[in-house]
Amino acid sequence: MRNSTNKTNLQPDAFVLPRYDETALVLQGGGALGSYQAGVYEGLAEAGLHPNWIAGVSIGALNTAIIAGNAPEKRVEALRGFWNSICHPRDWVGGLGAWTLPGPGMHDLSRKWASFWAAGRALTEGQPGFFSPRFPLPMAGFGKQTPNLVSYYETAVLKQTLLKFADFDRINDGDIRVSVGAVNVRTGNLVYFDNTKMRLKPEHFMASGALPPGFPAVEIDGEYYWDGGLVSNTPLTEVLRDTEHKDALVFQVDLWSARGRAPGDFLDVSGRVKDIQYSSRTRAITSLLADRQKHARFINELLAHVPPDLRRTDPLFRLAEEAADGSAINVVHLIYKNKPYEGHYKDFEFSIDTMHEHWESGLEDIRDSFAHREWFDVPSREEGFVTHDVHRRPGFVLQSDRDTPVLPLGVEQKIAA
């Protein structure tokens, strides 16, 4: 098993995954933080684990396109190509901070300077192959524009980048189910574009990442769509909705952590608001699944008192048996942890150095997760739902907005540090 403290020389042992009906990869939105997801995928690939369903929102949708749009042996290479192409190389001003300050032990200050400078470049210059400043900007009060023209940046070049690094015939005809979330601007409803229901094009993935007012809405079949993160920044609920009566292993890769330190100034407040606003509501979902599993067990206990003949012949009891046949869901939760030098601009700081650091963090976290082989056992139907996270303390369950001791609900949450 690879030791995450020595990431360059060791390789993981061959990993044999227990039987699951579904193996899903869930990718949250988070802009420049998305290279963390690419690192997680590299760890999955080196362990020989290939999801049969990938669901993404925003930058998670773009990573989904690159993964599903390439053959398994080329996916990590394609992800590297994509991320290297949309990140600015180090310039002399950003490099000056990175090169001169670490000497006297001021690494965090050095990286903070370089990070701040790179974020400023993104605001003023855009990112190659991704977005560029719109000029001239639409002026308020001087006539109405369609939603695809009202934004600070243009993203037309992103279509060519996606076509360069992803084969859309493979996305639509390959063996991976693909779902990406976007919001209908007119109705306000969250929709999922799914390759089991339609032919997906670059526009579907661009729509999932069209966060206003920075990015323009994307028109698809006469409707305009914005970033799915406006309604829900994780497609976990979409995946779980379709795994009823299945044994499912879900790798949920989040870029925002709901937990964090209390802010000390206005910039810290801005960053903390983003963390809270865009973090996944995994604990609320866990509570919902715990209740669902408890109800399923309750129905099973009641059915044990019903004569077998009546259970076979009465449609009501057949429906009850179906409802009692719940899922066995195992969620391996990987959450990006903020670096000391990062500020409120971390989601639009696309420097090449920071991108590599995010990538390595994701690779380290998934390797550390694989060190716990027992995490990947199929939960019993009595347990129903388990979740694991290398950054959490053992012996605590995710059932509310705070850590609470494991409760006797029969749903064991195996959390390890």
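1. A useful place to start in this predicted model is Pro136, which sits in the loop between β3 (132-133) and β4 (153-154). The peptide bond that joins Phe135 and Pro136 is cis, with omega at about -5 degrees. A second bond of this kind leads from Pro212 to Pro213, again cis and with omega near -5 degrees, and Pro213 belongs to the loop between α8 (202-208) and β7 (218-220). For a student it helps to recall that most peptide bonds are trans, and this is the reason for pointing out both places.

2. Before going further, the confidence of the prediction deserves attention. The mean pLDDT of the chain is 83, and 82% of the residues reach 70 or more. Over residues 1-11, however, the pLDDT is below 50, although this stretch has 22 contacts in the model beyond near neighbours in sequence. Residues 395-417 also have a pLDDT below 50, and for that stretch the model shows 73 contacts beyond near neighbours in sequence. Where pLDDT is low, the predicted coordinates should not be read in detail, so the contacts of such stretches should be treated with caution.

3. Which positions does UniProt list under the feature "active site"? The record, an unreviewed entry, places that feature at Ser58 and Asp227. These positions span 170 residues in sequence, yet their C-alpha atoms are no more than 5.9 Å apart, so they gather at one spot. The annotation comes from the record and may be inferred rather than shown by experiment.

4. Ser58 can be examined in its own right. This residue lies in the loop between β2 (53-57) and α2 (59-68), and with a relative accessible area of 10% it is buried, because the limit for that word is under 20%. Leaving aside neighbours within four places in sequence, Ser58 is in contact with Gly29, Ser208, Gly209 and Asp227, so that the list of partners includes the other position named in the record. Its backbone also calls for a remark: Ser58 has a positive phi of about 60 degrees although it is not a glycine, whereas most residues other than glycine have a negative phi.

5. Asp227, the partner of Ser58 in the annotation, is found in strand β8 (residues 223-227). Is Asp227 buried or exposed? At 3% relative accessibility, Asp227 counts as buried. Once neighbours within four places in sequence are set aside, Asp227 is in contact with Val57, Ser58, Ala182, Val183, Ala207, Ser208, Gly209, Ala210 and Leu211. Ser208 and Gly209 appear among the contacts of Asp227 and also among those of Ser58.

6. The interior can be described through its nonpolar cores. The largest has 67 residues, and the members that touch the most others are Leu25, Trp83, Phe130, Leu162, Ile171, Phe205 and Phe251. Helix α2 gives the most to this core, with seven residues. Apart from it lies another core, of 13 residues, among them Leu236, Val239, Ile285 and Phe385. To see how one member of the largest core is surrounded, consider Ile171: beyond residues within four places in sequence, its contacts include Ala65, Ala68, Ile176, Val178, Leu200 and Phe205.

7. Leu363 offers an example of residues brought together from distant parts of the sequence. It is found in helix α14 (residues 352-370) and is buried, with a relative accessible area of 3%. Leu363 and Gly43 are 320 residues apart in sequence, but their C-alpha atoms are 5.4 Å apart in space. Not counting residues up to four places away in sequence, Leu363 touches Gly39, Val40, Glu42, Gly43 and Glu46.

8. Two loop residues complete the picture. Asp221 is found in the loop between β7 and β8, counts as exposed at 74% relative accessibility, and has a positive phi of about 50 degrees although it is not a glycine. Arg261 lies in the loop between β9 (247-254) and α10 (266-278), and it too counts as exposed, at 74% relative accessibility. The C-alpha atoms of Arg261 and Arg272, which are eleven residues apart along the chain, are separated by 8.2 Å.

Definitions and conventions: Residues are numbered from 1 along each chain as its sequence is written. This is a predicted model: local features need pLDDT of at least 70, side-chain atom pairs count only at pLDDT 80 or more; totals for chains, interfaces and linings use all residues. Side-chain values use heavy atoms; hydrogens and water are left out. Helices (H or I, at least four residues) and strands (E, at least two) are DSSP runs, numbered from the N terminus. Buried means under 20% relative accessible area, exposed over 50%, partly exposed in between (1.4 Å probe, protein chains only). Contact means heavy atoms within 4.5 Å. A nonpolar core is a set of buried Ala, Val, Leu, Ile, Met, Phe, Trp, Tyr and Cys residues joined through side-chain atoms within 4.5 Å. pLDDT is the predictor's confidence in each residue, from 0 to 100.
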